[in-house]
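This report sets out selected structural features of one protein chain, for reading alongside its sequence and coordinates. Salt bridges are taken up before sheets and helices.

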Amino acid sequence: MEEDLNQIVNSSSYNGEEEQQEDPESNTLNQPLVKANRTLSSTPLALVGTKVSHIESLDYEINENDLFKHDWRKRSKTQVLQYIFLKWTFACLIGLFTGLIATLINLAVENIAGYKLLAVGHFLAQERYVAGLVMFAGANLGLTLVASVLCVCFAPTAAGPGIPEIKAYLNGIDTPNMFGATTMIVKIIGSIGAVAAGLDLGKEGPLVHIGTCIASLLGQGGPDNHRLKWRWLRYFNNDRDRRDLITCGSAAGVCAAFRSPVGGVLFALEEVATWWRSALLWRTFFSTAVVVVVLREFIEICNSGKCGLFGRGGLIMFDVSHVTYTYHVTDIIPVTLIGVIGGVLGSLYNHFLHKVLRLYNLINQKGKIHKVLLSLTVSLFTSVCLYGLPFLAKCTPCDPSIEERCPTNGRSGNFKQFHCPKGYYSDLATLLLTTNDDAVRNIFSSNTPNEFSMGSLWIFFVLYCILGLFTFGIATPSGLFLPIILMGSAYGRMLGGVMGSYTSIDQGLYAVLGAASLMAGSMRMTVSLCVIFLELTNNLLLLPITMIVLLIAKTVGDSFNPSIYDIILHLKGLPFLEANPEPWMRNLSVGELGDAKPPVVTLQGVEKVAKIVDVLRNTTHNAFPVLDEAEVPPQAGLGTGSIELHGLILRAHLVKVLKKRWFLTEKRRTEEWEVREKFPWDELAEREDNFDDVAITSSEMQMYVDLHPLTNTTPYTVMENMSVAKALVLFRQVGLRHLLIVPRIQASGRSPVIGILTRQDLRAYNILQAFPHLEKSKGRKAH
């Protein structure tokens with residue numbers, strides 16, 4: 001029997017994968033930024049932020065080995081209550097800290113940008129226009145320089161919005177250094193610098209990332225190098241609970257950005273989370289409730305004038321609760337038109353941004369200096385446009401019937417004087433020479449049908465289309481929400497102006513609908529966006545037409561290309577598993593997929609140290625099936641040479657065994673007390689797969705290790721005749737890292753496991769590389 005088992009184990013080959021280096025010149029604009037793998041189960045590279053990293057999968061599956069089962073049996077009711085209490089405590093702390101940091105960012109941005117605009121206004125009042133430009137551009141360059149240098153030198157993963165990486169993490173992809181303390185600090189300071197510099201980006205995406213960083217740091221007890229070793233934190237020392245905390249953090253971040261608690265929960269459910277349950281829904285809602293309480297408290301404080309130049313600040317963009325809107329059946333035509341335009345423009349924006357990101361990647365590969373210079377170039381171009389274009393607009397006389405002060409050269413206001421004479425204002429300066437949040441408030445303003453001329457709105461729209469394409473992708477923290485809102489609100493207000501007396505809908509409402517349509521056309525969200533805009537505007541009357549606009553825009557956009565976040569996931573090379581398998585996957589079985597891979601590497605239940613060391617050195621696999629002699633009665637009909645699948649052991653656990661030197665001088669199974677004495681259950685949840693610093697002597701190589709107590713005895717398995725489509729659905733919904741393929745017929749001398757499927761094996765791109773004939777059936781389905 002032992003010879004048969006050894007023959008099966010030794011027939012397996014060890015396939016170490018080499019890193020695939022990227023040749024920038026060989027990439028076309030349609031390929032990912034990092035080369036995709038052309039073989040199944042290879043170690044992938046991906047862009048996390050702006051840094052190329054090795055990507056591994058997460059272990060969301062419960063590892064039911066002997067240690068876990070023993071701990072589960074002895075867990076008292078007090079420990080269970082403590083675990084539940086800590087979950088809710090962390091949900092509260094995530095909301096509290098996210099709300100405080102969001103307030104800090106808003107205060108800093110409004111005050112820095114406010115003093116900058118006051119200084120520019122001082123030069124404008126003296127008609128020193130060149131000095132004003134130098135001051136405006138110089139301040140913006142300095143702020144951009146700080147944000148860019150921090151991202152490039154200290155935390156490359158802080159660049160960009162962070163939402164695609166969060167979405168990938170919750171899908172089961174480990175994104176290295178994405179949720180560290182350094183990343184969070186750089187994200188906070190960088191967001192303040194980039195937004196205050198007037199760049200066409202928002203703080204909404206970074207706030208989502210900051211919320212997830214807070215959640216991750218709380219769950220693991222602090223930064224990697226200074227973790228708290230409190231005993232109660234051991235409950236969260238696993239990927240499953242960390243996933244729940246990060247989901248709460250993402251919802252809290254959206255709530256902090258838009259003051260939208262329900263919208264934050266729905267954003268996490270609709271856009272970023274792959275796995276969901278009712279208990280998680282309650283905790284995310286609790287986190288967002290805490291965030292909105294914190295924000296409301298600071299709104300009250302700032303309204304009393306205790307926040308410097310903050311004023312109303314960026315905590316709420318557009319409150320129209322005091323405005324009564326009326327619309328009729330005939331208004332369905334312009335509302336439908338807004339939805340169609342939003343879907344078309346959103347898909348066009350996604351298409352061109354794809355090309356720009358490919359171009360920026362070629363520039364960024366030249367080194368850190370080029371990344372910083374690219375950011376400064378975009379900042380200088382933005383500053384010149386924001387300051388210079390208002391000179392092209394005509395001065396408009398102030399309407400004496402308007403209660404608001406007109407004109408003004410202060411940091412905010414709806415009627416900026418700029419270079420105009422007394423009693424006149426520049427409508428384009430009102431939109432450009434201000435913070436992005438104030439620009440949204442101004443263009444969303446209601447009962448101001450004649451405030452902005454059509455020419456100024458066209459200039460504003462074209463400028464922000466250009467800035468929206470070329471600003472996203474530079475090495476600074478950036479969000480996509482605000483640029484898309486600015487673009488959408490511009491064409492929405494223009495359509496409202498064209499409709500004129502033919503519609504009863506206010507131009508400010510057209511701007512809101514335009515922003516919603518472009519966001520749905522680009523991001524392809526509906527329910528969460530609808531609720532966010534509902535809470536943002538604080539008016540239930542907008543609900544029916546907002547729903548219509550969002551549904552039309554998403555439908556139109558989906559007919560052209562994927563959502564912007566899916567495009568970024570593809571560009572970064574993150575192996576994201578989509579919810580719906582490709583139709584041609586029904587024509588391929590997992591057995592055929594397993595045959596395209598090298599033979600599976602297996603271990604015996606009691607294995608030699610030398611064999612374990614050899615496997616770890618010569619493979620990059622993260623799990624290995626453990627085989628044993630089958631103990632079956634003669635009447636079972638399996639014969640004396642039968643072999644059973646005992647379970648699956650993780651690479652990290654093998655490394656831990658070698659580091660602890662848990663070796664046996666003879667080949668035997670250990671007692672339960674021996675294992676518990678050496679391995680606390682919570683210690684096995686830690687990722688420890690660095691094998692380089694383990695030194696094994698030649699005498700130890702001849703010893704044995706009993707793998708039975710550490711083996712997951714209930715791994716997920718599929719029959720070899722199951723379709724790849726069905727296996728993909730199982731893999732994604734359960735959150736697996738490994739899926740074993742077992743034969744239909746168990747025969748004597750045949751291995752009970754014929755392959756292992758991982759995330760890479762189930763990706764459509766990788767499957768088509770191994771089975772190119774499926775591409776033809778894919779094309780026929782498309783037609």
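## Salt bridges

Under the distance criterion of 4 Å between a side-chain nitrogen of Lys or Arg and a carboxyl oxygen of Asp or Glu, the count comes to 18 salt bridges. The model examined here is a predicted one.

Arg 737 takes part in a salt bridge with Glu 56, in which the closest N and O atoms are 3.6 Å apart. Arg 737 lies in the loop between helix H26 (724-734) and S13, whereas Glu 56 belongs to strand S3 (residues 56-57), so this pair ties together parts of the chain that are 681 residues apart in sequence. With a relative accessible area of 8%, Arg 737 is buried, because the limit for that class is 20%. Glu 56, at 28% relative accessibility, counts as partly exposed. Arg 737 also meets the side chain of Asp 59 in a salt bridge, with an N to O distance of 3.1 Å. This pair likewise links distant parts of the chain: Asp 59 is in the loop between S3 and helix H2 (66-74), and 678 residues separate Asp 59 from Arg 737.

## A salt bridge within helix H19, and a network

Asp 558 and Lys 554 form a salt bridge through their side chains, at 2.5 Å from N to O. Both residues are in helix H19; being four residues apart, they are separated by about one helical turn. An α-helix has 3.6 residues a turn, so residues three or four places apart point the same way. Asp 558 counts as partly exposed at 39% relative accessibility, and Lys 554 is also partly exposed, with a relative accessible area of 24%.

Salt bridges further connect Arg 243, Asp 244, Arg 277 and Arg 283 in a network.

## The loop after helix H19

Phe 560 is located in the loop between helix H19 (543-558) and helix H20 (564-572). What contacts does Phe 560 make, not counting residues up to four places away in sequence? Phe 560 touches Val 344 and Ser 347. The C-alpha atom of Phe 560 is separated by 9.7 Å from that of Gly 346, although the two residues are 214 residues apart along the chain. Phe 560 is exposed, because its relative accessible area of 54% is over the 50% limit.

## Two open sheets

Strands of a sheet pair through backbone hydrogen bonds, either parallel or antiparallel. One open sheet has three strands in the order S12-S13-S14, and its pairing is mixed. Strand S12 (717-719) and strand S14 (755-757) are the edge strands, each pairing on one side only. From one strand to the next, the twist averages 35°. Strand S13 (residues 739-742) pairs with S14 in the antiparallel sense over three bridges; Leu 739 has Leu 757 of S14 as its bridge partner.

Another open sheet of three strands follows the order S7-S9-S10, again with mixed pairing. Strand S7 (603-604) and strand S10 (643-650) stand at its edges with a single partner strand each, so one side of each has no neighbour in the sheet. Strand S9 (residues 623-629) and S10 run antiparallel and are joined by seven bridges. Glu 629 has Ile 643 of S10 as its bridge partner. Helix H23 (residues 651-660) lies across S7, S9 and S10, and runs at about 80° to S10.

## Packing of helices H11 and H12

Two packed helices are described by the angle between their axes and the distance between the axes. For helix H11 (residues 332-364) and helix H12 (residues 368-388), the angle is about 130° and the axes are 8 Å apart. H11 and H12 are therefore oblique to each other. H11 contributes Tyr 360, Ile 363 and Asn 364 to the contact, and H12 contributes His 370, Lys 371, Leu 374 and Val 378. By class, this contact of H11 with H12 comprises four nonpolar, two polar and one charged residues.

## The enclosed helix H14

Is helix H14 (residues 436-444) largely enclosed or largely open? Nine of its nine residues are buried, so H14 is largely enclosed by the rest of the structure. The buried residues of H14 include the charged residues Asp 437, Asp 438 and Arg 441; among the others are Val 440, Ile 443 and Phe 444. The cover over the buried residues of H14 includes helix H3 (77-125), helix H13 (427-432), helix H15 (454-471), helix H16 (481-499) and helix H17 (507-523).

Notes. Residues numbered from 1 in each chain as written. Predicted model: local features only at pLDDT ≥ 70, side-chain atom pairs only at ≥ 80, totals over all residues. Heavy atoms only, no water. Helix = DSSP H or I, 4+ residues; strand = E, 2+ residues; numbered from the N terminus. Buried < 20%, exposed > 50% of the residue type's maximum accessible area, 1.4 Å probe, protein only. Contact = heavy atoms within 4.5 Å. Axes fitted to C-alpha atoms, helices over the stretch in contact; angles between N-to-C directions. Parallel < 35°, antiparallel > 145°, perpendicular 65-115°, else oblique. Pairing = 2+ DSSP bridges.
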